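Reader: I would like a close look at one part of this model, beginning with a single residue and working outwards to its surroundings. Please take your time over it and give me the cut-offs behind your terms as they come up.

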Amino acid sequence: MNSIFPEFILHAGSALKSWFCDFFISCMRQIKIPKIWRRALEVAIHKLEKPLGVPKRDRPISLLCVPFKILERLIYTRVDPIIDPLLPREQVGFRHGRSAVDQVTLLTQDIEDSFSVKKKTGTVFVDLTAAYDTVWHRGLTCKLLQLLPDRHMVRMIMEMVGNRSFTLTTGNGKRSRLRRLKNGVPQDLTWRPFSSTSNFSDLPTTVSRKYACADGTWQP
C-alpha cells in the first residue's frame with residue numbers, strides 16, 4: 001500500500017496539471033473565464049495608525065480564485081518582458097528590482113545636492129486616492145494596445161479585469177451583499193504595474209524630476 005500511494009499521487013497530480021493546461025488554453029482561445037473567477041472576497045484590514053470605525057481608512061485585500069491567479073501569473077510572465085521596458089522610467093511600484101526606498105533615496109540625494117550648492121528644493125507630493133479602485137477600463141485598454149502588439153492578449157487581459165464583483169468582510173465575520181465593480185482592478189492583481197500605466201504614462205514633461213510609486217508621485 002505504501003508503494004502504491006506515491007504513484008497514485010503522482011498520477012493524479014499529472015492528470016490535474018494536464019486538465020488545467022487544456023482548460024487555460026480553452027479560456028485563452030475563447031477569451032472567456034468562469035463567472036466564479038470574477039468574484040473576489042474583500043477583507044478589510046485596519047491600518048494601525050488610523051482611527052477605528054472609519055471604513056474608508058481600512059485597507060481592502062482581495063482574495064481571488066486560485067486558478068484565476070495561476071492563469072494571471074502565466075499571462076503576466078509572458079507579457080512583462082514586453083511591457084516593462086516601455087513603462088515610464090519614473091514608475092517603480094510593483095516592478096522587479098525597484099521599490100519606493102529607491103525613490104526616497106533619490107529624492108534625498110537631490111535635496112542634498114541642492115543644499116551643497118546653496119539652492120532651495122521644493123517638493124510636491126501627489127497622492128492618487130483609490131488609484132486601483134478607479135482605473136478606467138477603456139483608457140487602460142487603449143494604453144495596453146499601444147504597449148502590447150497582440151490584440152487577442154489585450155482582450156484576454158481586459159476580460160479578466162472587467163465585469164467583476166465582490167463581497168466585503170470585516171473583523172466581525174459578517175459579509176456584505178454582492179456588489180459590482182464598474183471600474184478599477186482587484187488589489188491583489190499581479191498586473192498592477194500595467195494597470196497603473198494609465199495613471200503615470202500621461203505625466204507632462206517638466207524641468208523638475210519626478211518619482212512615481214504605486215499610487216502617487218513626488219516632484220521636487
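Author: Ser 165 is buried, because its relative accessibility is 2%, where buried means under 20% relative accessible area, exposed over 50% and partly exposed in between, with a 1.4 Å probe and protein chains only. The model is a predicted one, in which local features need pLDDT of at least 70 and side-chain atom pairs count only at pLDDT 80 or more, while totals for chains, interfaces and linings use all residues. Residues are numbered from 1 along each chain as its sequence is written, and side-chain values use heavy atoms, with hydrogens and water left out.

Ser 165 belongs to strand 4; strands (E, at least two residues) and helices (H or I, at least four) are DSSP runs numbered from the N terminus. With neighbours up to four places away in sequence set aside, Ser 165 is in contact with Arg 38, Arg 39 and Ala 40, and also with Leu 178, Arg 179, Arg 180 and Leu 181, contact meaning heavy atoms within 4.5 Å.

The sheet around this residue helps to place those contacts. Strand 4 (residues 164-169) runs parallel to strand 1 (residues 39-45), and 5 bridges join the two; two strands are said to pair if DSSP finds at least two bridges between them. Further along strand 4, Thr 169 stands opposite Val 43. In general, strands of a sheet pair through backbone hydrogen bonds, either parallel or antiparallel. Here 4 strands make up an open sheet with mixed pairing, in the order 2-1-4-5. Strand 2 (59-63) and strand 5 (179-181) each have a single partner strand and therefore stand at the edges, with one side of each left without a neighbour in the sheet. On average, neighbouring strands of this sheet are turned by 40 degrees against each other, direction ignored, the axes being lines fitted to C-alpha atoms, for helices over the stretch in contact, with angles that run from 0 to 180 degrees between N-to-C directions.

For the wider setting, the protein has 7 helices and 7 strands, which follow one another from the N terminus as α-β-β-α-α-β-α-α-β-β-α-α-β-β. Of its 220 residues, 34% are buried, and among contacts between residues at least 6 apart in sequence, 65% join residues at least 24 apart.

From the sheet we can turn to the helices and the nonpolar core, which is a set of buried Ala, Val, Leu, Ile, Met, Phe, Trp, Tyr and Cys residues joined through side-chain atoms within 4.5 Å. The largest nonpolar core holds 29 residues, of which Leu 71, Ile 75 and Met 156 touch the most other members. At least two residues of this core come from each of helix 1 (4-30), helix 2 (66-83), helix 4 (137-147) and helix 5 (151-161), and helix 5 gives the most, with 7 residues.

Met 158 lies in helix 5 and is buried, because its relative accessibility is 14%. Beyond the residues up to four places away in sequence, Met 158 touches His 137, Leu 140, Thr 141 and Leu 144, and the C-alpha atoms of Met 158 and Arg 138 are 9.1 Å apart although 20 residues separate the two in sequence. Seen from the other side, Thr 141 in helix 4 is partly exposed at 24% relative accessible area, and its contacts, again leaving aside neighbours within four places, are Val 154 and Met 158.

The last feature of these surroundings is aromatic, with 6 aromatic pairs in the structure; rings of Phe, Tyr and Trp (its six-membered ring) pair if their centres lie within 6.5 Å, and planes under 30 degrees apart count as stacked, over 60 as edge-to-face and the rest as tilted. The ring centres of Phe 23 and Trp 37 are 5.8 Å apart and their planes stand at 80 degrees, so the pair is edge-to-face. This pair links distant parts of the chain, since Phe 23 is in helix 1 and Trp 37 is in the loop between helix 1 and strand 1, 14 residues apart. Trp 37 is buried, with a relative accessible area of 5%, whereas Phe 23 is partly exposed at 26%. Both belong to a cluster linked by ring pairs, together with Trp 19, Phe 20, Phe 24 and Phe 68.
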